[in-house]
Amino acid sequence: MSDTNRSPGDRLTEVFDLVGPLYRRAQRKVEQDAPIEGLSVGVRAVLNLLREHGPMTVPQMGREQALSRQFVQRMINDAAGRGLVEFAANPAHKRSSLIRLTERGRAVITAVIDRERAELRQIGGDLTDAEVTACLRVLSRLLGHLDGIDMD
């Protein structure tokens with residue numbers, strides 16, 4: 001059956017079939033490159049989240065990344081042990097500290113992101129902006145459809 005004869009639901013199944021292996025391979029690539037900065041995939045994720053959004057609480061990070069609070073807390077504890085993040089008082093909540101990058105943490109995650117972007121620039125040379133925009137739209141729609149899933 002040609003792609004034009006398949007329903008959007010069938011085509012979206014193809015997207016899901018690609019996202020899993022893509023994620024696992026990307027995770028493996030981060031793990032292979034981890035000796036450079038000594039980061040696990042989970043620590044990289046929380047450091048990048050803090051780089052993009054500024055100080056956040058563990059529950060906020062968990063919601064943003066669809067990860068359990070317990071997992072995020074372990075990653076934060078690991079990052080704090082390496083001097084990459086620090087805890088700050090949270091004026092909005094006495095028991096839930098804000099987590100923020102240290103200077104060292106910002107330098108480490110910036111180096112990781114810069115290296116990843118350099119590699120991705122080599123991949124995306126023949127993709128148009130419209131194609132990337134369409135991909136982001138589809139993936140965002142799929143993610144939004146699954147927003148109600150409890151990660152804890």
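The following questions and answers concern a predicted model of a protein chain.

Me: In what pattern do the helices and strands follow one another along the protein chain?
Reply: The protein chain of this predicted model has six helices and two strands. Read along the sequence, they follow the pattern α-α-α-α-β-β-α-α.

Me: What percentage of the residues of the protein chain count as buried?
Reply: The protein chain exposes about 10,600 Å², and carbon and sulfur atoms supply 54% of that area. A residue counts as buried when its relative accessible area is under 20%. Of the 152 residues, the share that counts as buried is 26%.

Me: Is valine 85 buried or exposed?
Reply: Valine 85 is found in strand β1, which spans residues 85–88. Its relative accessibility is 5%, and the cut-off for a buried residue is under 20%. Valine 85 therefore counts as buried.

Me: Which residues are in contact with valine 85, leaving aside its neighbours within four places in sequence?
Reply: Valine 85 and glycine 105 are 20 residues apart in sequence, and their C-alpha atoms are 6.1 Å apart in space. Contact is judged on heavy atoms within 4.5 Å. By that criterion, the residues in contact with valine 85 are Leu47, Leu50, Ile76, Ala79, Ala80, Ile99, Arg100, Leu101 and Thr102.

Me: How are α2 and α5 oriented relative to each other?
Reply: Helix α2 comprises residues 41–53 and helix α5 residues 103–123; their axes come within 10 Å and cross at roughly 100°. Angles of 65 to 115 degrees count as roughly perpendicular. The orientation of α2 to α5 is therefore roughly perpendicular.

Me: How many residues of the contact of α2 with α5 are charged?
Reply: Helix α2 contributes Arg44, Leu47, Asn48 and Arg51, while α5 contributes Arg106, Ile109, Thr110, Val112, Ile113, Glu116 and Arg117. Four of the contact residues are nonpolar and two are polar, and the number of charged residues is five.

Me: How are α2 and α3 oriented relative to each other?
Reply: The axes of α2 and α3 come within 11 Å and cross at roughly 100°. In this contact, Ala45, Val46, Leu49, Leu50 and His53 of α2 meet Met61, Glu64 and Gln65 of α3. The residues divide into five nonpolar, two polar and one charged. Given the crossing angle, the two helices are therefore roughly perpendicular.

Me: Why do the buried residues of α3 lie on the same side of the helix?
Reply: In helix α3, residues 58–65, the residues Val58, Met61 and Gly62 are buried. An α-helix has 3.6 residues a turn, so residues three or four places apart point the same way. The buried residues lie on the same side of α3 because they cover an arc of only 100°.

Me: Which elements are included in what covers the buried residues of α3?
Reply: The residues to be covered are Val58, Met61 and Gly62. Their cover includes two helices and a strand, namely α2, α4 (69–81) and β2 (98–101).

Me: How many residues of the contact of α2 with α4 are nonpolar?
Reply: The axes of α2 and α4 come within 9 Å and cross at roughly 85°, so the helices are roughly perpendicular to each other. The contact is made by Gly42, Val43, Val46 and Leu47 of α2 with Phe71, Val72, Met75, Ile76, Asp78 and Ala79 of α4. One residue of this contact is polar and one is charged, and the number of nonpolar residues is eight.

Notes:
Residues are numbered from 1 along each chain as its sequence is written. This is a predicted model: local features need pLDDT of at least 70, side-chain atom pairs count only at pLDDT 80 or more; totals for chains, interfaces and linings use all residues. Side-chain values use heavy atoms; hydrogens and water are left out. Helices (H or I, at least four residues) and strands (E, at least two) are DSSP runs, numbered from the N terminus. Buried means under 20% relative accessible area, exposed over 50%, partly exposed in between (1.4 Å probe, protein chains only). Accessible areas come from the Shrake-Rupley method with a 1.4 Å probe; for residues, only the protein chains shown count as cover. Axes are lines fitted to C-alpha atoms, for helices over the stretch in contact, and angles run from 0 to 180 degrees between N-to-C directions. Angles under 35 degrees count as roughly parallel, over 145 as roughly antiparallel, 65 to 115 as roughly perpendicular and the rest as oblique. Ala, Val, Leu, Ile, Met, Phe, Trp, Tyr, Cys and Pro count as nonpolar, Asp, Glu, Lys and Arg as charged, and the others, Gly among them, as polar. The arc is that of the directions from the helix axis to the C-beta atoms.
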